[in-house]
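Visitor: I would like a quick tour of this model, one point at a time. Please show it first.

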Amino acid sequence: MFRIRRIFDDLSPANETALVRIGEILKEQFPGARPGEAESIPEKLRNQLKYGFQTILFAAEKGAGKVHGFALALYDPLLKFTFLDYIAVPGAEAGGGLGGILYERVRKEALDLGCLGLFFECLPDDPELSRDEETRKQNADRLRFYERYGAVPVTGTKYETPLEPGGDNPPYLVFDGLARKEPLRREKARLIVAAILGKKYGDLCPPEYIRMVMNSFRDDPVKLRPLKYVTAPKRTAVAAALPESERVALFVNRDHAIHHVRERGYVESPVRVEAILREILPSGLFTEKKARHFGERHILKVHSAVFFSYLRKVCMAMPEGESVYPYVFPVRNAARPPQDLSVRAGYFCMDTFTPLNKNAFLAALGALDCAMSGAQSLVEGRHLAYALVRPPGHHAERRLFGGFCYLNSAAAAAEYLSAFGRVAMLDVDYHHGNGQQDIFYRRSDVLTVSLHGHPRFAYPYFSGFEDEKGEGEGRGFNLNLPLPEHLSGQEYLDALRRASRRISDHGARFLVVPFGGDTCKKDPTGTWSFAARDFENNGKLIGGLGLPVLVVQEGGYNTRLLGENVRAFFKGLFEVSRSAGARLWSPASRDRRPARRE
């Protein structure tokens, strides 16, 4: 069974491999394409400003990364139309229906984007325009295929005028109204033609040629050729549901509920996860995946062996239902730990309210597996992933736990991703992300950024200051943005823009977002008052970075509003990251593009 997957970038190894195969297929199926056309696809995905269109690429895959066909379309967000540039299926796969699956996926995307229609070029079936009978027969077969969807050539214009007198096989402009039955108005068609010829074929089509073709559109509405090969278009229901491969990969630590400390004031409770799931699952944006198990070696890359060994030993030895709270701290004689494991907890903890027990340790292991599974899904080509976990992790340092945190799941995920390129961590919890700061403080490959309440009034109090910038090789690769006790959503956005600029400068291939819902109004651990709209705006700004993103759940304790705010954040993140190139689109951008296929 084929999976149609949208490829947003060339940042993950899976996408790099897919793009190589897509380039090979393009060269095989379009031998007349200009040199460098296949090689330019990754840059088209990255650099939307240069090409003037947003590039949309779908790969048909069967098995792990095995590409069997692709469709490449160009979207103009101002004129609201999509131009289908290529659909290609290798000869061995042709005739199996894969071309139709790809075309239907492009149609759905055009509908989702609110386009007035889908345009593309198709070689002519008119003997006066296509002299060779065998070529003309192939052209007719293609036109027959598209007529099944109601797509037919525009008539009564000079679009198919050869660039050189006497040229053979100049293309028709074909229009698919996406079953909307709205007429194609003349003035809109003229602007669309100018965009296609000017931006895609600007180096081949002189301005006078483009003006001639534009002015030849005189009918209003534009005339379309009647169906020639089919009696009626087939009824193709465009599914409203988002394709599975494009949803947010959701990894839920389903065993988190074993960690439940029933003590007054202990806000890190199981209801947090359920409150989020109730809101996000009906949205249709998520597809839940089973987390994979990752071994101890991944934990030891971000936590010291002595710390992890102690954590495991003391937690697994605790009787069911009992906990140890640190209460003695080694201000002196830190090198001489006491024999009693419960007393020794102060060697590894920064506060007195984070209990040690067996279930906390097991839940933390499950949370780490979820975060790392999310990271692995980005490497495999997923664009967005969400590790919905508890307990949180961003306060856990290399050899310290605290703040309800035991193992730093987000840091372990970032460490995993760092093997594939530069990583940025953007902590948007109310509290400082001291854990990842400590773990990566001397490294330059993982940029750590944290927006948080100023440590003069907010936990953890002793870290998160602006002058903490990293050490050694990591100098300049830790950015703290401590913020006032009270601020508006707009003021927060201003700080988030500063963080985003630093992330862009870092040249990250992946973004890990330790996410806290404790920035919302009436959260018992914070002082800010963000509403759902603020969370959505923050998601949009982060999505605008255009990076594969793993979100790892951290804090958030107002369970009445938590789910709504998480849903709003992902709504903004998804909508903008799905079309990140549109924000870069400029009507003034021009580029000399591939030759027309004639």
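Visitor: Among contacts in the protein chain with a separation of 6 or more, what percentage comes from residues 24 or more positions apart?
Guide: This is a predicted model, in which local features need pLDDT of at least 70, side-chain atom pairs count only at pLDDT 80 or more, and totals for chains, interfaces and linings use all residues. Residues are numbered from 1 along each chain as its sequence is written, and side-chain values use heavy atoms, with hydrogens and water left out. A contact means heavy atoms within 4.5 Å. For residues 24 or more positions apart, the share is 77%.

Visitor: How many helices and strands are there in the protein chain?
Guide: Both are DSSP runs numbered from the N terminus: helices are H or I with at least four residues, strands are E with at least two. The protein chain has 17 helices and 15 strands.

Visitor: In what order do the seven strands of the open sheet run?
Guide: Two strands pair if DSSP finds at least two bridges between them. The pairing in this open sheet is mixed. Its edge strands, pairing on one side only, are E1 (3-7) and E6 (152-153). The seven strands follow the order E1-E2-E3-E4-E5-E7-E6.

Visitor: Which residue in E2 is the bridge partner of Ile 4?
Guide: E1 and E2 (residues 54-61) run antiparallel, joined by five bridges. In E2, the partner of Ile 4 is Ala 60.

Visitor: What angle does the direction of helix H1 make with that of E3?
Guide: Axes are lines fitted to C-alpha atoms, for helices over the stretch in contact, and angles run from 0 to 180 degrees between N-to-C directions. Helix H1 (residues 13-29) packs on the sheet and touches E1, E2, E3 and E4. Its direction and that of E3 make about 90 degrees.

Visitor: Which residues have the most contacts inside the largest nonpolar core?
Guide: A nonpolar core is a set of buried (under 20% relative accessible area, 1.4 Å probe, protein chains only) Ala, Val, Leu, Ile, Met, Phe, Trp, Tyr and Cys residues joined through side-chain atoms within 4.5 Å. The largest one has 56 residues. Helix H17 (residues 559-578) gives the largest share of this core, eight residues. Those with the most contacts inside it are Tyr 386, Leu 426, Leu 451 and Leu 511.

Visitor: Is Gln 376 buried or exposed?
Guide: Gln 376 sits in helix H12 (residues 358-379). Leaving out residues up to four places away in sequence, Gln 376 touches Arg 292, Phe 294 and Tyr 416. Its relative accessible area is 15%, so Gln 376 is buried.

Visitor: Which loop holds Lys 181?
Guide: Phi of Lys 181 is near 65 degrees, a positive value in a residue other than glycine. Lys 181 is exposed (over 50% relative accessible area), at 82%. Its loop lies between strand E7 (172-176) and helix H6 (186-200).

Visitor: What is the relative accessible area of Lys 80?
Guide: Lys 80 is in the loop between strand E3 (67-76) and strand E4 (81-88). Its phi is also positive, near 60 degrees. Lys 80 is partly exposed (from 20% to 50%), with a relative accessible area of 33%.

Visitor: Which residue does a cis peptide bond join to Arg 390?
Guide: Omega of this bond is about 0 degrees. The partner lies in the loop between strand E10 (384-388) and helix H13 (409-417). A cis peptide bond joins Arg 390 to Pro 391.
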